[in-house]
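The following exercises concern the structure shown below. Each task is followed by a solution that proceeds step by step.

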Amino acid sequence: MMYLEYAIFQRALLGCVFIGLLGGLIGVFVVKMRLSTIGYSMSHSAFAGAALGVALSVDPLLTAIIFSATTAFFIGPAADKARLPIDTITSIAFSLNMALAFIFLTFSPQIGLSSEVASVLWGSIVSVTNRDLVYLIALCSITLALIYLFWKELFTIMFDRKMAEADGINTKIFVYFMIFLAGLIVALSLKIVGGLLVYALLFNPASSALQYLHDMRKIIFLSPIIGAASCIAGFFTSLFLDIPVGSCIALISTLIFAVSVIFSPKRKRRWRNED
Amino acid sequence: MAPIIELRDVSTVYEGEKRPAIRDVNLTFEEGEFAYVIGPNAAGKTTLLETINGLLPIFKGRISVLNLDVQKYGKQVRCQIGYVPQDFMVDPGEPYTALDAVLMGRYGKIGVIGRPSREDKEKAIEAMRLLEIEDLANKPVGKLSGGQQQKVMIARAIAKEPKILLLDEPFSNLDPESRDKISKLIAQTSSERNLTTIIVTHDLHQIVDSCSRTIVMNSGRIIADCELRKALALIEKWYFPGFWRHSG
């Protein structure tokens with residue numbers, strides 16, 4: 001615990017808590033709206049942005065956010081214009097962004113996959129700044145306010161998008177908004193969890209919470225708690241074992257998911273009924 | 001008085017398909033009209049309902065519902081339509097109660113940001129009471145039987161207090177006793193509330209006496225639009241011999 005006497009680790013721990021809360025919260029919508037490819041597409045667009053930032057010698061976090069936000073902004077409308085499933089467009093964006101990332105890396109061969117770019121890929125505890133925390137707190141507040149305001153529309157779309165449309169809800173706007181929000185959260189999570197594992201935070205806590213409860217209002221509270229708990233546990237495991245924090249968070253959240261599936265009261269009841 | 005629903009030369013083509021799912025359809029419905037749409041599989045019955053509802057884009061023609069162009073004002077139009085889709089089933093693990101599912105029917109009407117009021121909840125409960133599923137209100141909707149889920153969806157459409165009801169095979173998962181009861185209930189509710197009601201069905205035995213009109217479809221076209229007995233005789237004689245005996 002002596003680590004926590006240092007501001008650098010205090011910031012990292014706080015960052016973990018906010019990222020866990022945000023990932024768990026937005027993950028419920030990503031999972032229930034079946035936007036499963038959003039997570040990895042966003043993380044790789046952020047990686048491409050970070051690579052460009054390094055090549056241009058500007059803040060990689062800033063370029064990562066710009067890339068993620070731009071990709072998120074175009075995915076929904078592009079899927080609708082092309083009349084293709086969102087998953088198809090996000091998968092194409094994924095390969096495009098990976099290609100761009102490797103091209104940008106060749107612009108700065110002296111750096112390659114070391115230092116800044118590597119920290120974007122794997123995550124780094126020590127790189128969290130006060131500015132990052134301010135961004136995270138601001139995003140957390142905005143996300144909570146928007147979910148509170150539009151809860152009834154989001155709740156209906158999660159139940160069934162077509163039925164929500166039939167009820168007179170403009171589902172497009174809300175789906176685009178969720179993609180955009182997921183893009184921003186991924187970009188801000190890069191420093192701690194890393195681009196390659198950030199989507200574990202979008203899926204694992206939400207999928208775990210869904211194993212326990214029958215009420216979406218309770219799931220929306222439980223999922224961020226699981227997200228934050230995974231991040232805190234991952235943070236300390238990373239410190240004590242001296243292994244990348246992103247990997248620890250992904251492993252712990254996966255473990256929680258596995259335990260949730262095994263001990264899920266919902267599944268037990270279903271199995272009993274089938275017997 | 002202008003018709004409440006008007007389709008003029010409407011054709012709808014599904015993405016990637018060459019043949020229209022419905023073609024050159026001309027139909028009008030007056031306020032309070034109660035009609036059935038029948039026909040074999042792939043006749044275009046579901047497409048017709050989804051086209052009226054504005055859920056499918058049209059390739060040709062013009063549709064107006066409640067004097068509004070559906071392609072331009074789809075959201076406003078859908079706020080006035082109670083819709084029950086075909087074979088809508090909820091996964092057993094879904095975290096929604098039956099009351100949640102019924103109440104959602106009113107959300108489009110409440111408007112963005114607005115919250116459901118006590119009155120909205122009362123309307124939802126009232127619709128559930130009408131369908132005799134009030135006791136299921138707090139049960140997870142995915143855990144209900146197919147028939148119960150179908151009643152939940154009908155309650156959702158009624159709770160919306162729409163001007164138009166579009167029901168796609170609303171009796172398919174119900175037992176024979178419930179089918180009779182629910183089909184009569186829908187006819188009664190439509191009459192009391194002066195709703196324009198269009199029901200797609202395979203089950204000709206459920207067509208109630210109060211049905212003012214039967215529309216027969218085949219291969220995306222309207223092949224008959226007349227009174228029930230006339231329609232059935234026409235089907236039997238010219239189009240699908242044995243259709244009446246095999247249905248339901």
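## Exercises on a predicted model

**Exercise 1.** Determine whether Ala187(B) is buried or exposed, and state where Ala187(B) lies in chain B.

*Solution.* In this predicted model, Ala187(B) has a relative accessible area of 11%. Buried means under 20%, so Ala187(B) is buried. Its place in the chain is helix H7, which covers residues 176-193 of chain B. From Ala187(B) to Lys143(B) the C-alpha distance is 28 Å, with their positions 44 residues apart in sequence.

**Exercise 2.** Describe the interface of chain A and chain B.

*Solution.* Begin with the contacts: 32 residues of chain A touch 36 residues of chain B. Next, consider the area buried between the two chains, about 2900 Å², of which 58% comes from carbon and sulfur atoms. Then turn to the polar side: the interface has 11 residue pairs in polar contact. On the side of chain A that touches chain B, H7(A) gives the largest share, with 7 residues. The residues of that side comprise 16 nonpolar, 4 polar and 12 charged.

**Exercise 3.** State how many salt bridges cross the interface of chain A and chain B, and examine the pair Asp167(A) and Arg156(B).

*Solution.* Across the interface, 6 salt bridges are found. One of the salt bridges joins Asp167(A) to Arg156(B), with the closest N and O atoms 2.3 Å apart. Asp167(A) is in the loop between H8 and helix H9 of chain A, and Arg156(B) is in helix H6 of chain B. Asp167(A) counts as buried at 4% relative accessibility, and Arg156(B) counts as buried at 2%. A further salt bridge links Glu94(B) with Lys32(A), at 2.6 Å between the closest N and O atoms.

**Exercise 4.** Explain why the salt bridge of Asp24(B) and Arg221(B) ties together distant parts of the sequence.

*Solution.* The closest N and O atoms of Asp24(B) and Arg221(B) are 3.9 Å apart, within the 4 Å cut-off for a salt bridge. Asp24(B) belongs to strand E2 and Arg221(B) to strand E10 of chain B, so the pair connects parts 197 residues apart in sequence. Asp24(B) is partly exposed at 36%, and Arg221(B) is partly exposed at 37%.

**Exercise 5.** Which residues are linked with Arg106(B) in a network of salt bridges?

*Solution.* Start from the pair Glu161(B) and Arg106(B), whose closest N and O atoms are 3.4 Å apart. These two residues are 55 residues apart, and each lies in a loop of chain B. Glu161(B) is partly exposed at 34%, whereas Arg106(B) is buried at 8%. The network links Arg106(B) with Asp120(B), Lys123(B) and Glu161(B).

Note on methods: Residues numbered from 1 in each chain as written. Chains lettered and ligands numbered in written order. Predicted model: local features only at pLDDT ≥ 70, side-chain atom pairs only at ≥ 80, totals over all residues. Heavy atoms only, no water. Helix = DSSP H or I, 4+ residues; strand = E, 2+ residues; numbered from the N terminus. Buried < 20%, exposed > 50% of the residue type's maximum accessible area, 1.4 Å probe, protein only. Contact = heavy atoms within 4.5 Å. Buried area = accessible area lost by both parts, 1.4 Å probe. Salt bridge = Lys/Arg side-chain N within 4 Å of Asp/Glu carboxyl O. Polar contact = N/O pair within 3.5 Å; in protein donor to acceptor, adjacent residues only side chain to side chain. Nonpolar A, V, L, I, M, F, W, Y, C, P; charged D, E, K, R; others polar.
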